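Grab a pencil and work through these exercises with the structure open beside you. Each task comes with a solution in small steps.

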Amino acid sequence: MLLFVVLTFLGIVGFRAMKAQNFPDVEVPEVLVSASLPGASPSQLENDVAIKIENAIAGLQGLKHIKTTLTDGSVNITVEFQLEKPAQEAVDDVRDAVARVRADLPAGLRDPTVKKAEFATSPILTYTVASSQMDEEALSWFVDDTVGKTLLAVRGVGAVSRVGGVNREIRVELDPAKLMALKVSAGDISRQLRAVQQESAAGKANLGGREQSVRTIATALTAHDIGGMNLALSDGRRIRLDQVARVLDTVADQRSAALLDGQPVVGFEVTRARGAGELEVASAVRDALAKLRTANPGIELREVIDYVQPVKENYDGSMQLLCEGAVLAVIVVLLFLRDWRATAVSALAVPLSVIPTFAVMHLLGFSLNIVTLLSLSLIVGLLVDDAIVEIENITRHLRMGKTPRTAAVEAADEIGLAVIATSFTLIAVFLPTAFMQGAAGRLFVQFGWTAAIAVFFSLAVARVLTPMMAANLLTPPKGARPPRTRWMGLYARWVVSCLRYRWVTLGAAFAFLALGLLLATRIPGEFLPSDDVAQTQVTLSLPPGSTLTDTLAAAEAARRMVGTNEHVKTVYTAIGGGITETGPGASGAAPVAMQTAVMTITLSHRDERPGLSRQRIEGQLRDALELLPGVRVQVNRGGSDEGYVVVLTGSDSRVLTEHAALVERELRTLPGVGAVTSSAGLLQPELVVRTDFARAADLGVTSAAISDTLRIATSGDFDQELAKLNLSKRQVPIVVRMANAGRQDIETLRQLPVPGARGHVPLASVASLATGSGPAQITRHDRARNIDLAVESNGTPTGEMEEATRSLPSLQHLPPGVSQGASGEAEAMDELSQGFGTAMVTGVLCIYVVLVLLLKDFVQPMTILVALVLSIPGAFVALHLAGATMSVPSMIGLIMLMGISTKNSILIVDYAVMARLQGGLTRDRAIVDACRKRARPVVMTTLSMGVGMLPVALGWGGDPSFRSPMAVVVIGGLISSTVLSLFVIPVVYTCLDDLVAWLRTRSVGRAAGDRQPSAGGRLGAVE
């Protein structure tokens, strides 16, 4: 007793120390490589950067896939390794490979960043900031500085990202006419300004016998001072900067924006660090922001998106389900035993099994997430099973007139082997899920260990504590109660009938099995079932070349359209993504795409819209947005709703693009799908400059000089090459470029001065300028160009979508050089099927090995394994009736069912073997006697397990989309396994016994000593 008190105390300590998360943090060997070269086209980056890095990475050990996305000025490479490779080793290998080819990459390329992919990089909270006392620039700096510093000091915060707002800059707007008159290029001005405007170290001096550091300070403090600077030119001339330019203290061109219900705002997103819990971080962030509001009364902070609320609902719901399941299981025990003392002894098994489990979970580094809490919620009925079997057998011995102590000792000895066998078969089933391969295996490693640990503690309680408490708390029954109830006699007669007509019984069981397998072929499959949270996203993609004004107009039109839906509460729009990120979890400035707007829509809670799922609302929004012209619309929340992805790969980009367009058209004809999005994208407008090599060589003008002149004149120099204005807390970039009017006139661009060997010459004299087009985005898969066609699921299961897609003529007849690959959810489904198949086979073998070791027999364990087959039809029938799909939780339920379904047959077979060996009964009498005496605990344990899982199956407590399918599978399989086991297992037992006797007769020449023919008269006498 003292041992369990200590374990319970440690469990409480471990529970309080564990973090609450949505899903466990998963470390996968996936590495992200990012590089940027501002102004470079996707085609240029493909040849100069992407292919070289891909070739360097291709030889790494354990490589699985290389996926590359190229946009204007940006290269993003995702390197996926086999799951067996350690994540840190994968990062080191990729970093070394990139370093080896760094010298071959363009000099202007920013050093590529290599980092490990994390599952904890999604924001958990989004806020907007407003103030009547600050302009947009001051408000943006307040977020970057004050808010960023405050929140990064909060434990568990990984990064703070600003969305929208502006960045301050000193802009030097050059006058093209004066540049041409003075024959000065934009690059000359920018480089001279950087050489003058700087503060640098200048060595050391020894004055007055003391050492001093020498510092050169040559910086202007205001935009007016910068305008008055004199700059020396390369030909010896000197000019004042304000003679050729206008110097402004302003903000950078806005390429991102944030809106809340149509009103411009400055927003920021908070991301938790890996290993931190969402609930704890969210609470600490809210406390920190509450103090910030108090310190800055003129600032209004509003929480607009709460990604933590679903996590809290799942956590509270799981804890509620755990308690409800335990209470319902105890009620079942009370209804059967009708003895509060025996019920109390059985009920103690739940807290004494669950609470110590938390201690081990904490030691293993687990968290309180949907996986671990689901594991405990589903097995709460199992935890009381061993105690039920023990206490029921003790009460049966008490009815024989034995004292409580004698009854406890003898009953525990009699049932001990069966209890140990049932518990270890469960452990043998759960543990293989902890070693599954693939992404699902990494995700559910905590599921298997949590369930196995809890079952082990329940076994310890049943074998150690339950008999001891029963001996001291139970009392002999006051009146003689019949050991058999009316239904027990009826059941015994049915068993006799089944034994008399064995082949009919087996035929009926086989027919039911065939029905279940037939239904299994009609159940659609998917990786994860769609959830029903109160949020969704609408992504608007405008054609390349669209301006921020165009995107804002489209976003506002879309907001008005979706706002007519009664279930839409608020609409938060982010255009261009996060513009700044700070903190250890930051990934640097992401490429800004101002042609993309992401609308995060907060919906009414599912309790306020009974019978209407989020997927149906998304369908309504999709229908409403069909009227939006010139915009590609995608409606889904991401995550489990990403849909099906068709991957086409080919070496000939023209053939690949043409065939992808054909496949896209056919995909749109499939019934029940949403939008079809192609990664091929559209062509973006370009201004193409072609050098006249003869004229350029004659005038001493290089292509690099032409490129630098145009880049600096139109968008400014690279960030690392810009002069800076030093302020107390930050540096403001000084950007030299032409005024907007000059950038809009192609004739002005033609006359820009370009430096040459004999002075500056107009650009038109060495190059031609013409409009053209090029790809806005290029995607590559395993070192070849590819096009991804993403199909919105719109509630259609992935399995159905994959089957319909494969039947398309365009995919059945691919042109030469074009191949189809698996990606996204389809590839995850393939890995899932293989992983669960391996886990199930391993589980069956482990069960058989455990039973052989415990029963010391190689044949009768096969009788027990028949219960696995009998559970399968019920599971598939339940899935079909519930309208659920074959997904991760459904397959986890099947694995659970393997261990649970064997419990009943173990109880029956174990007693039959014991009655034959120790009681001297014939085989048929022994099996019927086993059915009579073990039917009661079998029904009790089945009801306690089923009722314990019933709240999960009914969807109580939070979003049921993930938990419910698992409970449905287990309950359906449990019902069929129990009902069939009570009648089919005795028949299978006798058939296998006949088989053994026949083999022994053939090998030895004599029959088994105690076996009697299973004649009808003999069975009739047993009744």
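**Exercise 1. Place Asp929 and Lys933 in their helix, then describe how their side chains meet.**

Step 1: Asp929 and Lys933 both sit in helix H32 (residues 923-953). Helices here are DSSP runs of H or I with at least four residues, strands are runs of E with at least two, and both are numbered from the N terminus.

Step 2: Count along the helix, and you find the two residues four apart, about one turn.

Step 3: Their side chains form a salt bridge, with N to O at 3.4 Å. That term asks for a side-chain nitrogen of Lys or Arg within 4 Å of a carboxyl oxygen of Asp or Glu.

Step 4: Now check the cover. Asp929 is buried at 17% relative accessible area, while Lys933 is partly exposed at 28%. The cut-offs: buried is under 20%, exposed is over 50%, and partly exposed lies in between (1.4 Å probe, protein chains only).

Before you go on, a word on the ground rules. This is a predicted model, where local features need pLDDT of at least 70 and side-chain atom pairs count only at pLDDT 80 or more, though totals for chains, interfaces and linings use all residues. Residues are numbered from 1 along each chain as its sequence is written, and side-chain values use heavy atoms, leaving out hydrogens and water.

**Exercise 2. Find out which parts the salt bridge between Glu80 and Lys64 ties together.**

Step 1: The closest N and O atoms of this pair are 3.6 Å apart.

Step 2: Glu80 belongs to strand E3 (residues 74-81) and Lys64 to strand E2 (residues 63-71), so the bridge links parts 16 residues apart in sequence.

Step 3: Glu80 is buried, at 17% relative accessible area, and Lys64 is partly exposed, at 23%.

Step 4: For the whole model, the count comes to 45 salt bridges.

**Exercise 3. Is Arg654 buried or exposed, and where does its salt-bridge partner Glu658 lie?**

Step 1: With 51% relative accessible area, Arg654 is exposed.

Step 2: Glu658 lies in helix H22 (residues 653-667) along with Arg654, four residues away.

Step 3: The N to O distance in their salt bridge is 3.2 Å, and Glu658 counts as partly exposed at 47%.

**Exercise 4. Explore the largest nonpolar core and the neighbours of Phe430.**

Step 1: Know the term. A nonpolar core is a set of buried Ala, Val, Leu, Ile, Met, Phe, Trp, Tyr and Cys residues joined through side-chain atoms within 4.5 Å.

Step 2: The largest one has 162 residues, and Phe430 is among the members that touch the most others, including Leu151 and Phe268. Helix H31 (residues 888-918) supplies the largest share, 17 residues.

Step 3: Leaving out residues up to four places away in sequence, Phe430 touches Ile379, Leu382, Gly448, Ala451, Ala452, Val455 and Met896. Touching, or contact, means heavy atoms within 4.5 Å.

**Exercise 5. Decide where to read the model with care.**

Step 1: Start with the average. The mean pLDDT (the predictor's confidence in each residue, from 0 to 100) is 82, and 91% of residues reach 70 or more.

Step 2: Look for weak stretches. Residues 578-592 stay under 50, and residues 1006-1023 are below 50 too.

Step 3: Apply the rule of thumb: where pLDDT is low, the predicted coordinates should not be read in detail.
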